[in-house]
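Welcome, and please have your viewer open and your selection tool ready. We will go from stop to stop, picking residues as we go.

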Amino acid sequence: MDRSRLAKQLKLLIDMKVVLSFFLVLTSAVIISSCYYDKEDLLYGINNNCTDTSSVVSYSQKVVPILQQYCYNCHTGSFPSGNQLMGTYAADKAMAQNGKLYGTINHSPGFSPMPKGMAKLNSCQINTVKKWIDGGMLNN
Ligand code: HEC
């Protein structure tokens, strides 16, 4: 085997290595990113009201459905858990005003993490509630 043929074969080998490692990086990137999304679905559930980008959050249409799904079970009626009443505009607003609504769903230090015994709400849901609070807790 002469030198130039050897050099050619070497070059071919190196080229293949470059192509291979490129694909390796590409596939692992795809796998890692898909894992990430899978996990997020698992952790945070499917139901997030997060396609809405409007600046004003509607209490009745956006906030109540979240609280209804995750909070009202325990925090309505004559003996609400932890003596924390929710489920009416006045009650939800009061909880927002004293900081407990955001503090508990955001798992802020000093608050009991809510919803109790369940996964944390996803960031979209938390942001929706926060937007409503920051927007003045309108009864809209
Ligand atoms: C499975 C029942 C259950 C669910 C669901 C639930 N809570 Fe609670 N919550 C409790 C109990 C029990 C307590 C009292 C014990 C404690 O503080 O952990 C409590 C306490 C609280 C407190 C007072 C905690 C503090 O740090 O002062 C707030 C505020 C609250 N919940 C808000 C919420 C909100 C908002 C949701 C929905 C995102 C929610 N809870 C969902 C059972 C629940």
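A word on terms before the first selection: a residue is called exposed if 12 or fewer other C-beta atoms lie within 10 Å of its own, and buried if 20 or more do. Keep in mind, too, that this is a predicted model.

**Stop one: helix 2.** Start by selecting Ser60 and Gln61, the exposed residues carried on the face of helix 2 that is turned away from its buried side. Now add Lys62, Val63, Ile66, Leu67 and Tyr70, which are buried residues of helix 2. These buried residues lie on the same side of helix 2, because they cover an arc of only 105° around the axis. To see what covers them, show helix 3 (72-75), helix 4 (89-97) and helix 6, which are among the covering elements.

**Stop two: the core.** Next, pick Val63, Ile66, Leu67, Tyr70, Ile105 and Val129: of the 13 residues in the largest nonpolar core, these touch the most other members. Helix 2 (59-70), helix 5 (100-105) and helix 6 (123-134) each supply at least two residues of this core, and the largest share, four residues, comes from helix 2. Zoom in on Val63: leaving aside residues up to four places away in sequence, Val63 touches Val57, Thr128, Val129 and Trp132.

**Stop three: the ligand.** Which residues come nearest to the ligand? Select Cys71, Cys74, Ser81, Gly82 and Ser112, the nearest of the 19 residues around the ligand. Helix 3 and helix 5 each supply at least two residues of this shell, with helix 5 giving the largest share, four residues. Color the shell by class and you will find nine nonpolar, eight polar and two charged residues.

Notes: Residues are numbered from 1 along each chain as its sequence is written. This is a predicted model: local features need pLDDT of at least 70, side-chain atom pairs count only at pLDDT 80 or more; totals for chains, interfaces and linings use all residues. A nonpolar core is a set of buried Ala, Val, Leu, Ile, Met, Phe, Trp, Tyr and Cys residues joined through C-beta atoms within 7 Å. Two residues are in contact if their C-beta atoms, placed from the backbone, lie within 7 Å. The arc is that of the directions from the helix axis to the C-beta atoms. A residue is near a molecule or strand if its C-beta atom, placed from the backbone, lies within 6 Å of it. Ala, Val, Leu, Ile, Met, Phe, Trp, Tyr, Cys and Pro count as nonpolar, Asp, Glu, Lys and Arg as charged, and the others, Gly among them, as polar.
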